[in-house]
Each structure stands twice: as C-alpha cells, then as structure tokens.
Amino acid sequence: MRWLFPYPVLFAALLLFWLLLNDFTIGALIFGSIVAFIACQAMTALVPQKPKIRSYRLILVLVWRVALDILQSNIAVTKIILSRHDRGRRAGFVAIPLQLTDRMGLAILACIITATPGTAWVDYHAASGELLIHVLDLKDAQEWRDSIKQRYEELLLEIFA
C-alpha cells in the first residue's frame with residue numbers, strides 16, 4: 001500500500017484543503033482525490049531527504065521565537081501602513097552570509113523570513129552561502145544580519161547540524 005500512497009498525510013491534507021476550497025460534493029471528492037494522488041506521486045520523484053534532527057527541544061524554542069517575531073512584525077507593519085508620515089522609511093536589500101547549509105534548515109529559514117511581515121527571501125547563493133532578503137523598513141542592515149544569524153541561524157544549526 002505504501003507504493004500506492006507514499007505520503008498518506010500529504011494526500012489527506014491536500015484532499016481536505018481541496019474540499020474546503022471547493023465544496024463537499026462527490027465530484028469535488030473524486031477530482032480532489034485525483035489531484036492529491038498525482039501530487040503525492042510527483043513528490044516521490046523529488047525524493048526528499050530525511051532531516052537529521054539533533055534537538056527537538058530547540059524546535060519548540062524556535063517556534064516560540066518565530067511566533068513572537070511574527071506578532072511583533074505584524075504590529076510594526078500595521079503601524080507603517082496606517083501612519084501617514086514617511087519619517088524617512090526606506091525599503092532595501094540585505095545580504096547575509098550564512099553558515100547553514102542543511103537543505104531542510106534553509107527551507108525552514110526561508111519560510112520564517114517570508115512568513116514574517118515586512119521581510120522576504122529573495123535569493124540564496126549556495127556557492128558563497130549568501131542570503132539576500134528584502135526588508136520593508138530598513139534602518140540598519142547590520143542589525144538585520146545579526147538578528148537573522150543570532151535568532152534563527154544559530155538555532156537551526158543546532159537543530160539540523
């Protein structure tokens with residue numbers, strides 16, 4: 001059965017989201033099942049590597065830290081949007097040299113940065129290990145570098161290295 005449904009949780013999640021987005025009808029159930037099945041089969045072609053997690057406790061620390069940062073960032077971006085004065089705000093790009101090379105760790109870092117309002121993952125150059133992010137309200141590029149490295153990269157290195 002594993003060869004037919006290699007990712008049963010992914011299949012169930014995709015089917016559930018399909019039904020939530022469309023409607024709970026027989027047609028939507030059949031078509032959603034087909035889409036979920038094809039997506040799961042395509043996932044087998046990617047052959048994702050199993051993550052080597054060293055510390056599950058640090059995952060909780062990271063989740064808590066990210067949740068707080070997203071909340072703070074939501075408040076800051078809301079203030080920027082609602083304020084009528086520019087006050088010298090400028091958006092910009094920040095290049096951050098990373099030590100993190102684990103694919104799963106980099107993917108999680110990309111999700112964290114992109115999910116945090118006011119920031120976006122733009123590019124990652126694997127050869128040099130340099131990450132490029134866009135920041136909505138860039139005051140100090142070095143502060144952003146230090147923040148990403150100390151708040152996220154250090155934890156991800158401990159979790160996945």
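## Two helices that cross

At roughly what angle do the axes of helix 4 and helix 5 cross? In this predicted model, their axes come within 10 Å and cross at roughly 150 degrees. (Axes are lines fitted to C-alpha atoms, for helices over the stretch in contact, and angles run from 0 to 180 degrees between N-to-C directions.) Helix 4 and helix 5 are therefore roughly antiparallel to each other, a term for angles over 145 degrees. Helices here are DSSP runs of H or I with at least four residues, numbered from the N terminus.

## The largest pocket

Now for some empty space: the largest pocket holds about 600 Å³. Of its 25 lining residues, those closest to the centre are Ser73, Ala76, Pro117, Thr119 and Trp144. (On a 1 Å grid over the protein atoms alone, a pocket is an open set of points where a 1.4 Å probe fits, with protein on both sides within 12 Å along at least five of seven lines; lining residues have an atom within 4 Å of a point. The volume is the space filled by probe spheres set on the points.)

Helix 3 (56-82), helix 4 (103-115) and helix 5 (141-160) each give at least two residues to this lining. Helix 3 supplies the largest share, with seven residues.

## A stretch from the record

UniProt, in an unreviewed entry, places a "transmembrane region" at residues 5-21 and 27-47; such annotations may be inferred rather than shown by experiment. In the model, residues 5-21 are 82% helix and 0% strand, and their end C-alpha atoms lie 23 Å apart.

## Reading the model

Residues are numbered from 1 along each chain as its sequence is written. Local features need pLDDT of at least 70, side-chain atom pairs count only at pLDDT 80 or more, and totals for chains, interfaces and linings use all residues, while side-chain values use heavy atoms, leaving out hydrogens and water.

How values were computed
Parallel < 35°, antiparallel > 145°, perpendicular 65-115°, else oblique.
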